[in-house]
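Please open the model in your viewer, colour it by secondary structure, and keep the selection tool at hand. We shall walk through it stop by stop, and at each stop you will be told what to select and what is there.

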Amino acid sequence: MVHASARNFRIRSPKTSIDKLAASIRACERCAALVKCRSQAVPGAGAIPAEIAFVGLAPGRFGGDRTGVPFEGDRSGELLRRMIRYAGLESVFITNVVRCNPRDTAGRNRDPSASEIANCRDHLAAEMELAQPRLVVCLGRIAWRELAGRERPFTPGAAKPTIARGLRLWPMYHPGYVIRGAYPEKSYRRDFARIARIVRAERFEPPD
Ligand code: SF4
């Protein structure tokens with residue numbers, strides 16, 4: 001069991017190594033419906049500490065649920081990782097709001113329920129505690145709402161990061177949205193170049 005505040009990610013929790021945390025996530029069975037449909041629970045992965053964290057929604061059916069690594073093995077993951085390389089981002093941690101692939105009765109990806117998100121909240125808090133990212137990119141509306149709160153609108157292209165719960169948050173479209181053609185890849189590339197500039201600039205400023 002991970003003990004970390006769900007309300008403020010900068011509150012110190014007992015030192016838990018990322019490996020112990022990952023093992024605890026893999027063994028988690030809090031969400032009965034997800035335990036039935038997942039192939040595996042998928043902890044976050046990447047640099048600890050990290051300059052930048054990407055938080056998606058959930059492991060994809062053809063991606064993390066299959067490979068055990070968030071955003072790896074499907075088209076969304078391929079696009080995200082290509083954009084990360086394009087932007088020259090190296091110190092990166094990648095995770096999701098929930099760690100198990102939610103499926104509907106037809107076996108298709110679905111959004112996680114409010115209770116499933118709440119069940120997984122302390123996993124995300126503990127990962128942010130260990131990664132201590134300078135910037136947290138929320139991939140899509142649900143990740144944004146989870147970290148920034150419902151009262152702050154999801155506005156990709158915002159002028160500056162939003163500070164909430166001790167984190168600097170940045171709203172960005174989920175790569176799946178780009179793959180569906182709802183947002184141009186050219187604009188997505190420009191957005192990644194922008195967050196790379198923010199991270200580089202913040203190397204020279206202490207985090208709030
Ligand atoms: S989604 Fe999170 S809380 Fe729910 S079973 Fe998976 S790891 Fe546990």
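How many Å should the 13 residues of helix α4 (residues 75-87) span at 1.5 Å a residue, and how far apart are its end C-alpha atoms? At 1.5 Å a residue the expected span is 18 Å, and the end C-alpha atoms of α4 are 18 Å apart, which agrees; the expected span is 1.5 Å times one less than the number of residues.

Before going on, keep in mind that this is a predicted model, in which local features need pLDDT of at least 70 and side-chain atom pairs count only at pLDDT 80 or more, while totals for chains, interfaces and linings use all residues. Residues are numbered from 1 along each chain as its sequence is written.

**The whole chain**

Select the whole chain, which holds 8 helices and 6 strands; helices (H or I, at least four residues) and strands (E, at least two) are DSSP runs, numbered from the N terminus. Following the chain from the N terminus, you meet the elements in the order α-α-β-β-α-α-β-α-β-α-β-β-α-α. Of its 208 residues, 43% count as buried, where buried means that 20 or more other C-beta atoms lie within 10 Å of a residue's own, exposed means 12 or fewer, and partly exposed lies in between, with C-beta atoms placed from the backbone.

**Helix α4**

Now select Ser-76, Gly-77, Leu-80, Met-83 and Ile-84, which are the buried residues of α4. Seen down the axis of α4, these buried residues fall within an arc of 130°, so they line one face of the helix; the arc is that of the directions from the helix axis to the C-beta atoms. An α-helix has 3.6 residues a turn, so residues three or four places apart point the same way. Add β2 (52-56), β3 (92-96), α7 (175-179) and α8 (185-202) to the selection, since the buried residues of α4 pack against them. Just after α4 comes Gly-88, whose phi is positive, near 75°.

**Helix α8**

Move on to α8, whose 18 residues should span 26 Å at 1.5 Å a residue, and whose end C-alpha atoms are indeed 26 Å apart. Select Tyr-188, Asp-191, Phe-192, Ile-195 and Val-199, which are buried in α8. Viewed down the axis of α8, its buried residues fall within an arc of 100°, so they line one face of the helix. On the other side of α8 you will find Lys-186, Arg-190, Arg-197, Arg-200 and Ala-201, which are exposed. The buried residues of α8 pack against β2, α4, β4, β6 and α7.

**The nonpolar core**

Which residues have the most contacts inside the largest nonpolar core? Select Ala-53, Val-97, Val-136, Val-137 and Cys-138, which have the most contacts within this core of 50 residues. α5 gives the most to this core, with 7 residues. A nonpolar core is a set of buried Ala, Val, Leu, Ile, Met, Phe, Trp, Tyr and Cys residues joined through C-beta atoms within 7 Å. Centre the view on Ala-53, which, apart from residues up to four places away in sequence, touches Phe-93, Thr-95, Met-128, Ala-131, Pro-133, Val-136 and Val-137; two residues are in contact if their C-beta atoms, placed from the backbone, lie within 7 Å.

**The ligand**

Select the ligand and the 15 residues around it, of which Cys-28, Cys-31, Cys-100, Asn-119 and Cys-120 come nearest; a residue is near a molecule if its C-beta atom, placed from the backbone, lies within 6 Å of it. Both α2 (32-37) and α5 (114-131) supply at least two residues of this shell, and α5 gives the most, with 4 residues.

**Three loops**

Select Ile-48 and Pro-49, between which the peptide bond is cis, with omega near -5°; Pro-49 lies in the loop between β1 (45-46) and β2. Next, find Gln-132 in the loop between α5 and β4 (135-139), where Gln-132 has a positive phi of about 45° although it is not a glycine. With 16 C-beta neighbours inside 10 Å, Gln-132 counts as partly exposed.

Finish at Arg-165, in the loop between β5 (162-164) and β6 (167-172), where phi is near 50°, a positive value in a residue other than glycine. Arg-165 is partly exposed, because 18 other C-beta atoms lie within 10 Å.
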